[in-house]
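Colleague: I am new to reading protein models. Could you walk me through this one, feature by feature?

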Amino acid sequence: MTALARPWTRRPAAGAIEGQEAVLIGVIALLWTALGLSVDTFFTASNLQNILATVAPVTIVGVGMTAVIVTAGIDVSVGSTMAVVMVIVAQQLRDGGLAFAPAVGLALLVGGVLGLINGALVGYGRVHPIIITFGTLNLYRFVALQIFGGREVAGVPGTLGPLGGGAEGRTFGLPHSWLLAVALAALMWAYMRHVPTGRHLYAIGGDAEAARLAGVRVTRRLLTVYAVTGLLAGLAACCMIGGGGLVAQSAGTGMELQVIAAVVIGGTSIQGGRGTVLGTVLGALLVGTVTSAVTLLSWPNELTSLFIGVFILVAVGSDLLRERRRRSL
Amino acid sequence: MMPQSTSEPADTTTRDGAAGARPPSPLARLGRLLLHDRVALLVLLLAVLVAWMKVLDRGGYLLGPYDAAYMAAALESFVPLCILALAEMLVILSGRGGIDLSVGAMVSLTGMAFGFMVGEWGWPLWPSLVAALAFGTALGAVNGFLVAVLGFPSLIATLATGYAYSSLALVSHDNAPISTKPVQDLHDLTSMVRLPLGLPPVPRQFFTFLLPCAVLVWLLVNRTAFGRRLYAVGTNETAARYAALSVGGVRFRAFALAGLLSGVAAVVTVGQFASARPDAGTVGNGMALPAITIAVLGGVAITGGVGRVGGVIVAALLVVWLNAGILLYFEGSAGSRYQLLALGVLLIASTLLNAVAGRRRRRRTR
């Protein structure tokens, strides 16, 4: 209902950027200024490139995750999906001598299939997505470990280097992976805002039953968003392999929490029906900045997750406050 | 405050087995019983599992004997898992998507606090035990405050506090475990006890920690006003509010109790490892995920208001004995891989089953 109507009935002054995004831009600007003043190595090209390159995989998966969460769903299996893709692609790169394009194609195929399984379980099983994807998290991790066969994949060639964080992964100093993430985010933003089927995602998140009665193909939409998230997880896995080297058995663990943190900090409501991809891009950037800041200030690395936790609480808390004010108007 | 009935915690499986109209054939009746009475289904699965492992054992497929002594020793991992699954049950029962992703982190952080008290500050056992449980309750109360008072979705609140607690646990002792002499002596809490009547030795914590927790939780949800309010709030929040129940208060207490139970699990874990490990509850996939799996497998509906203590306990037993059997069947690291597979398959199958059972229940009552 309101969730469907909201983007059309914005206040005239508000454009593409409002609410959470504006706050986030402010917070990031503040953090960067403070860091620039206190650490003289912060505003070096290599540090900024490093932040963007590490943020890129989180952003890429976050683009899909935003769509999933907008439908009032969630996908906690993305970390395991990435592990499966990484081990398959890494082995093919090393043993099969795969070229760049086939490798990316293989990654997209594997990721898409795993995402489609999630989508089928959620769409046809009509069960709560968090529980189902917890299940597939275990299943996919098993598949990945089975393919690893008890040892890591070492000596992966640098075929996917153009997507990695190294020197060949940059043009004009900007990491390709991050540019790709921004392009994907822009596509998803346009889709969710201007294409009817994209707008249906908000309707499903607002009230799936009402959306179905209004003629939205709920099952088909759910299948699509989970499959797209799987595809994007496959793409993010390519960025993580990047320059090659070693793919450890722990690949991708904890990724789902980082991605969900980025999406939620970006202002997407976990109850569905509200949120934008732009917020997710900024949320991922904030998480990346915090991680880099903790390292640069030579604080213990373990503090990073404390700050991420606090940022989640502050971001969601301020969103709750705004929501309450909106209702009382 | 809460009137407690004097009746003993009798067999929980017979509560609704006899209800409902008489179905036509015995087979259909069995099918319906298995679909609607989760405890009956789980007991059947448990019997099948043990029988099958016995067959494999006879046939010489196993690396070691799957006998009573091995099954009793496997109860060591059963105790913390079952306590945490009961904690998840309380939170999930309270409804509105209630879930607690932070139990593993609470186990880590409370375990570190307990380790500091016993191992670094030299407190005696009993005061530190009480203080650790209070500490765990406080951590749970933070979750409860965020969810019940401030209105955070519980998934987000506990995701964030889980991050924060696990980070604090790691930072508190520079990422190193506390294993001074007094902490190592805590291992006595979890030694094996010999039983009469030729029964195999059983871990002590089964009697000193798990049984009291299980009985108290059973009494709490089945025999107190709080328990009824918990089911009421989880089943229909609006109706509960119109019935003048303090919805926020009930939910807050559910989260605080989950913290208390995590504290108990933390103490057990410290005793078991003979050291307070900063990543005790968060290493690998952590403890929260298995705990949620067991709760759902035990018939706790993720939508709230449906779930029983007996189901959760039998589900925990099933998972633990299945895991123990898998370790005997596969050599090396393959065993822990197949445990992941088993956990995932069980979780998906039980969720789909819950959905089917719930849909049939709604159709019948309509």
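Colleague: Happy to start small. In which helix is Q91(A) found?

Modeller: This is a predicted model, so keep that in mind as we go. Q91(A) belongs to helix α4 of chain A, which covers residues 78-96.

Colleague: Is Q91(A) buried or exposed?

Modeller: The idea is to look at the relative accessible area, where under 20% means buried. Q91(A) has a value of 19%, so it is buried. Setting aside residues up to four places away in sequence, Q91(A) touches G96(A), I147(A) and V153(A).

Colleague: And how many residues of α4(A) are buried?

Modeller: Of its 19 residues, 14 are buried, so to speak of the helix as mostly covered is fair.

Colleague: What span should α4(A) have, and how far apart are its end C-alpha atoms?

Modeller: Here you count 1.5 Å a residue, using one less than the number of residues. For the 19 residues of α4(A) that gives 27 Å, and the end C-alpha atoms are 26 Å apart, which agrees. Just after the helix comes G97(A), with a positive phi near 60°.

Colleague: Let us move to chain B. Where does E237(B) lie?

Modeller: E237(B) is in helix α11 of chain B, residues 237-242. Its relative accessibility is 19%, so E237(B) counts as buried.

Colleague: Which residues is E237(B) in contact with, leaving aside neighbours within four places in sequence?

Modeller: They are R96(B), V247(B) and R251(B). With R251(B) there is also a polar contact from side chain to side chain, at 3.2 Å. Sequence distance is another thing to check: E237(B) and G304(B) are 67 residues apart along the chain, yet their C-alpha atoms are separated by 10.0 Å.

Colleague: Now the two chains together. What is the area buried between chain B and chain A?

Modeller: The size of an interface is often given as the accessible area lost when the parts come together. Between chain B and chain A that area is about 3,500 Å², with 79% from carbon and sulfur atoms. On the chain B side, Y163(B), R337(B) and I348(B) supply 19% of the area buried against chain A, more than any other three residues. The contact takes 38 residues from chain B and 40 residues from chain A.

Colleague: How many salt bridges and polar contacts are there between the chains?

Modeller: The count of salt bridges is zero, while seven residue pairs are in polar contact, both at pLDDT 80 or more. On the side of chain B that touches chain A, α15(B) gives the most, with 13 residues. That side divides into 29 nonpolar, seven polar and two charged residues.

Technical notes: Residues are numbered from 1 along each chain as its sequence is written. Chains are lettered from A and ligands numbered from 1 in the order in which they are written. This is a predicted model: local features need pLDDT of at least 70, side-chain atom pairs count only at pLDDT 80 or more; totals for chains, interfaces and linings use all residues. Side-chain values use heavy atoms; hydrogens and water are left out. Contact means heavy atoms within 4.5 Å. Buried area is the accessible area (1.4 Å probe) that two parts lose on being put together, summed over both. A salt bridge is a side-chain nitrogen of Lys or Arg within 4 Å of a carboxyl oxygen of Asp or Glu. A polar contact is a pair of N or O atoms within 3.5 Å; within protein, one must be able to donate a hydrogen and the other to accept it, and residues adjacent in sequence count only if both atoms are side-chain atoms. Helices (H or I, at least four residues) and strands (E, at least two) are DSSP runs, numbered from the N terminus. Ala, Val, Leu, Ile, Met, Phe, Trp, Tyr, Cys and Pro count as nonpolar, Asp, Glu, Lys and Arg as charged, and the others, Gly among them, as polar. Buried means under 20% relative accessible area, exposed over 50%, partly exposed in between (1.4 Å probe, protein chains only).
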